[in-house]
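Got your viewer open? Load the model below, and we'll go through it one selection at a time.

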2 protein chains.
Amino acid sequence: MGRTTRTTKPAPRARVRLAVDDRRRQLLALGLRAFGEHPYDEVSTQAIAAEAGISHGLLFHYFPSKHDFYVAVLQIAADELLAGVVPREGTPAERLVAGLHAYFEFVERRAVAYGTLLRAGVGSDPVAKELVDGTRERILMQMRADVEPLVGDRVEQRIVRAALRGYIGYVEALALDWIDHRDLTREELVALCVRALEASLPPALDGMLP
Amino acid sequence: MGRTTRTTKPAPRARVRLAVDDRRRQLLALGLRAFGEHPYDEVSTQAIAAEAGISHGLLFHYFPSKHDFYVAVLQIAADELLAGVVPREGTPAERLVAGLHAYFEFVERRAVAYGTLLRAGVGSDPVAKELVDGTRERILMQMRADVEPLVGDRVEQRIVRAALRGYIGYVEALALDWIDHRDLTREELVALCVRALEASLPPALDGMLP
């Protein structure tokens, strides 16, 4: 009997663990939409708990505070952005264009959160600021890894680094302009960025870009 | 006698008013250096008052609080930046290059303050944020006024606006990279920016830039 209990118990426990992960994923998905579409102060964890069909208290079992929840959501969003922007397949030029499409698609989907994060809205939130800076740094590192072998010794690496940093500033500013005006197509946004990158590193990329 | 008093009194009052203006200018100059070289929290108004040869209390006669002093200093810095970046003489191309030199010269001189303001350091300070955004907007307006007549109807104005906004993001990101690494000359910085702008608006500026 004692033995039977021991061998049968793992199944329910396993199901409970799975449910916990599912619940967490569900809450993060709801959080992604809420924080993507509304400013932090306007997001109600109570409304999110209700939407998930759980008590407000249970939400805080998964995330100790609203800010912890927010940071977990930001981390998911950063992973989502990086997965799209840093594609693993294709030539460097194909990866660049695919990455730009993914970037602006992300900006459209998460416009409010993107705008808040990039518009100095995280000055008072060091965790969020570190996440934004870290994500930008990872994109820059990946671009340098792609571009530097193509450049070889035709352009000094300090110039490549500075130009790519400037280029990322171009993409971010263009995204913020799009959020304000929404009057450029994604193709137009990508085309402007491709030209800006071409100009940043001309000897390296002549003929490489579409 | 009464008449003599009345006619002679304005002179001393005028001198006192002049001294007040001089003192204010002196305090702002000391503040520009202090806030330009050190983070806000490390700037001591007591030290600035001592340097000016006045009591700490008298400084607060000119600026009611440290934050008011900071905002007045930022306003002076913004005016200084705009005066250099938006030169009034020369062809558009000459103004552009002169403006870029002035911009990076300003960044060198006010590196700490520039870095803090542009790196989302003002998220918790709406007054400072508004000043930074307003200064960027004035630079953008001036550039649009310069560029749009040259572009004519070859590029739609929404594209000109978006590309110039992206370009300003490029310049700002390059300036922040320079603050971190300081391994590009001013000529290299300006050359990268000129190429980025050329790429942003090709049909308009072909042959216009140096």
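**Start at a charged pair in chain B**

Select Asp133(B) and you'll find a residue that counts as partly exposed, because its relative accessibility is 31%. (Buried means under 20% relative accessible area, exposed over 50%, and partly exposed in between, using a 1.4 Å probe and protein chains only.) Now add Arg136(B), which counts as buried at 17% relative accessibility. Asp133(B) and Arg136(B) form a salt bridge, with their closest N and O atoms 3.2 Å apart; the term means a side-chain nitrogen of Lys or Arg within 4 Å of a carboxyl oxygen of Asp or Glu. Both sit in helix H8 (residues 126-151) of chain B, and being 3 residues apart they are separated by about one helical turn.

Before moving on, some housekeeping. This is a predicted model, where local features need pLDDT of at least 70 and side-chain atom pairs count only at pLDDT 80 or more, while totals for chains, interfaces and linings use all residues. Residues are numbered from 1 along each chain as its sequence is written, chains are lettered from A and ligands numbered from 1 in the order in which they are written, and side-chain values use heavy atoms, with hydrogens and water left out.

**Zoom out to chain A**

Colour chain A by secondary structure: you should get 11 helices and 0 strands. (Those are DSSP runs numbered from the N terminus: H or I of at least four residues for helices, E of at least two for strands.) Chain A has 210 residues, of which 47% count as buried. Take the contacts in chain A between residues at least 6 apart in sequence, and 69% of them join residues at least 24 apart; contact here means heavy atoms within 4.5 Å.

**Put the two chains together**

Show both chains. A turn of 180 degrees and a shift of 0.0 Å along the axis lays chain A on chain B with an RMSD of 0.0 Å. That is the relation of a two-fold axis. The superposition is by least squares on the C-alpha atoms of residues with pLDDT of at least 70 in both copies. The copies meet through the same surface, because 100% of the interface residues of chain A are also interface residues in chain B.

Next, select Ala173(A), in helix H9 (residues 157-181) of chain A. With 4% relative accessibility, Ala173(A) counts as buried. What does Ala173(A) touch, not counting residues up to four places away in sequence? Look across to chain B: Arg165(B), Gly166(B) and Gly169(B).

Then jump to Tyr167(B). In the largest nonpolar core, which has 131 residues, Tyr167(A) and Tyr167(B) touch the most other members. (Such a core is a set of buried Ala, Val, Leu, Ile, Met, Phe, Trp, Tyr and Cys residues joined through side-chain atoms within 4.5 Å.) Leaving out residues up to four places away in sequence, Tyr167(B) touches residues including Tyr170(A), Leu96(B) and Met143(B).

**Back to charges, now in chain A**

Select Arg136(A), found in helix H8 (residues 126-151) of chain A. Its side chain makes a polar contact of 2.8 Å with the side chain of Glu172(A), and another of 3.2 Å joins Arg136(A) to the side chain of Asp133(A). (A polar contact is a pair of N or O atoms within 3.5 Å; within protein, one must be able to donate a hydrogen and the other to accept it, and residues adjacent in sequence count only if both atoms are side-chain atoms.)

Over all chains, the structure holds 30 salt bridges. For one of them, pick Glu80(A) and Arg109(A), whose closest N and O atoms are 2.9 Å apart. This pair links distant parts of the chain, with Glu80(A) in helix H5 and Arg109(A) in helix H6 (residues 92-109), 29 residues apart.

**Last stop: a lysine without a bridge**

Finish at Lys66(A), in helix H5 (residues 66-85) of chain A. How far away is the nearest side chain of opposite charge? That is Asp41(A), at 5.2 Å; Lys66(A) is buried yet has no salt bridge. (Lys and Arg count as positive and Asp and Glu as negative, while His and the chain ends are not counted.) Do look at Tyr40(A), though: its backbone oxygen lies 2.8 Å from a polar atom of the Lys66(A) side chain. Not counting residues up to four places away in sequence, Lys66(A) also touches others, among them Phe35(A), Val43(A) and Phe60(A).
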